[in-house]
Amino acid sequence: MPEVRVVNVTKKYGKLYALNNVSLTIHDQEYFSLLGPSGCGKTTLLRLIAGLIEHDSGEIHIGDRRVDKDPPEDREIGFVFQTFALFPHMNTWDNVLYGPKVKNYDSKQAETIGHEVLELVKLSERLNAYPSELSGGMMQRIAVARALAAGGKILLLDEPLGQLDAKVRNDIRYEIRRMAKDLKLTAIHVTHDQQEAMSISDRIAVMKKGKIVQIGSPKELYMHPNSLFVAFFIGESNLLEGYVTKLEGKNAEVELREGYKIQAYNERDIKVGDRVVLAIRPETCEMKLGLIGEGLDGLFGQIEKTTFEGTIVRYEIRLVNGDRFVINRPSLTEEWVKLGQEVTITYPKEKAHLFPYPANGLSDEISV
Ligand SMILES: Nc1ncnc2c1ncn2[C@@H]1O[C@H](COP(=O)(O)OP(=O)(O)OP(=O)(O)O)[C@@H](O)[C@H]1O
Ligand SMILES: [Mg+2]
């Protein structure tokens, strides 16, 4: 059964490392996503697995076979490209049957497969339509059907939903996952949309500049980011710079700018005196009106901006030390808070993650 194993793979374009010594294992029948900002190497990795480009070093295994010297057609892979890439001069039926025909399936067998996959993507009624006569969502479903008809046990999807509007994208992403699971496929889905990756993946690899930064379930990445980059890229995080002034077990006291002290949680090897960055998620915070308590109990500031975003209200707050802080609250339970209102923000201490200040500087660390 097709587990996909990438071992120490490097791919260079001139001096640029598109992939720099990447290793990862995708389990049989797993729905796996590659997530990362534009140019981080997602498409390159997918194309290498498919055999569409060659790597400089490393190994690629599918099941118990090493495949990196094999041509793409021997790898049993279906590929859905970043752009729809349907043949414009072929109707739905001919697009879908392209794979089985290339593989010289007999026509009865090819037709059975064609009907099956079109049934799956719910487009059996549009056999005779040409791509120009179909909506973006339909074209993408046909691209998926064509990849499925090719008969592989591995489905590679490169930003399959990138060109669709939000509502259609939401529906189709669950459909694709369902199909992959029904057909017991191993799926590798490339996206730069963290919400998309979070909602459909069993596991995600977060990539940055040709490297994998962290691999984990959506929950693991969200709850336990291993780096500031992941904390910042997955979901949203407030980042506050400071120095550790006191440590008792995992409880840390951090001095922010202007001598403002707050509490944090130290899961890493951080010592008193270290320069640190605190990451606090906007939705873990509570907000009370007025300046309540003294020091350490909370963050004090003034509301600078509020944005109604439907299910949540987003409050941008200027802290008394000048730092900016964002919190999100459910809009139905919140009273509309006026600009300039003084507030106290509290958060569970263990939700304030401490990271060492990055050697390359904070803005470089989180830059996409
Ligand atoms: N054929 C090529 N020649 C030269 N450089 C390339 C080539 N293909 C990719 N690159 C470079 O390799 C890096 C990784 O590209 P890749 O297409 O894998 O990124 P990506 O993560 O898929 O980005 P996006 O989200 O924008 O699609 C980029 O810097 C890109 O410019
Ligand atoms: Mg790409």
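Two strands are taken to pair if DSSP finds at least two bridges between them. In this predicted model, strand β11 (residues 238-248) meets that condition with strand β12 (residues 251-256), the two being joined in the antiparallel sense over 6 bridges. Within this pair, V244 has V254 of β12 opposite to it. The hairpin that β11 and β12 make has 2 residues between the strands, and G249 adopts a positive phi near 60° there. Strand β11 is also joined to strand β14 (residues 275-280), again in antiparallel fashion, by 6 bridges. One of the residue pairs that link β11 to β14 consists of N238 and I280, the latter being the bridge partner in β14.

At the level of the whole protein, the assignment gives two parts, domain 1 (4-230) and domain 2 (236-366). Their C-alpha centres are separated by 38 Å. To the contact between them, domain 1 contributes 11 residues and domain 2 contributes 14 residues.

An open sheet of 6 strands follows the order β6-β7-β8-β3-β9-β10, and its pairing is mixed. Strands β6 and β10 (211-216) form the edges, as each pairs on one side only. From one strand to the next, the twist averages 15°. Inside this sheet, strand β3 (residues 31-35) runs parallel to strand β8 (residues 186-191), and the two share 5 bridges. F32 is placed opposite I188 of β8. Two helices pack on the sheet. Helix α1 (residues 42-50) touches β3, β6, β7 (154-158), β8 and β9 (203-208), and the direction of the helix makes about 150° with that of β7. Helix α6 (residues 166-182) touches β3, β7 and β8, and its direction makes about 135° with that of β3.

A further open sheet is built from 4 strands in the order β2-β1-β4-β5, with antiparallel pairing. Strands β2 (16-26) and β5 (65-66) stand at its edges with a single partner strand each, so one side of each has no neighbour in the sheet. The partner of β5 in the listed order is β4; strand β4 (residues 57-62) and β5 run antiparallel and are joined by 2 bridges. H61 has R66 of β5 as its bridge partner. Helix α1, already described as packing on the 6-strand sheet, also lies across β1 (4-13), β2 and β4, where it runs at about 120° to β1.

Pockets were also examined. Rolling a probe the size of a water molecule over the atoms shows where empty space is left. The largest pocket holds about 540 Å³ of space. Its lining comprises 18 residues, of which I77, G78, F79, Y98 and A150 are the closest to the pocket centre. At least two lining residues come from each of β6 (77-80), α3 (98-102) and α5 (136-149). Strand β6 thus appears both as an edge of the 6-strand sheet and as a contributor to this lining. Divided by class, the lining of the largest pocket consists of 11 nonpolar, 3 polar and 4 charged residues.

The second largest pocket has a volume of about 310 Å³. Its lining is made up of Q194, Q195, M198, Y222, G235, E236, E283, E309, T311, I312 and N328. Helix α7 (residues 194-200) gives the most to this lining, with 3 residues. In terms of class, 3 nonpolar, 5 polar and 3 charged residues line the second largest pocket. Both domain 1 (4-230) and domain 2 (236-366) supply residues to the lining, so the second largest pocket lies between the two domains.

How values were computed. Residues are numbered from 1 along each chain as its sequence is written. Chains are lettered from A and ligands numbered from 1 in the order in which they are written. This is a predicted model: local features need pLDDT of at least 70, side-chain atom pairs count only at pLDDT 80 or more; totals for chains, interfaces and linings use all residues. Side-chain values use heavy atoms; hydrogens and water are left out. On a 1 Å grid over the protein atoms alone, a cavity is a set of points where a 1.4 Å probe fits but cannot get out, and a pocket is an open set with protein on both sides within 12 Å along at least five of seven lines; lining residues have an atom within 4 Å of a point. Grid points are joined across faces, edges and corners, and a volume is the space filled by probe spheres set on the points. Ala, Val, Leu, Ile, Met, Phe, Trp, Tyr, Cys and Pro count as nonpolar, Asp, Glu, Lys and Arg as charged, and the others, Gly among them, as polar. Domain bounds come from an automatic or database domain assignment. Axes are lines fitted to C-alpha atoms, for helices over the stretch in contact, and angles run from 0 to 180 degrees between N-to-C directions. Contact means heavy atoms within 4.5 Å.
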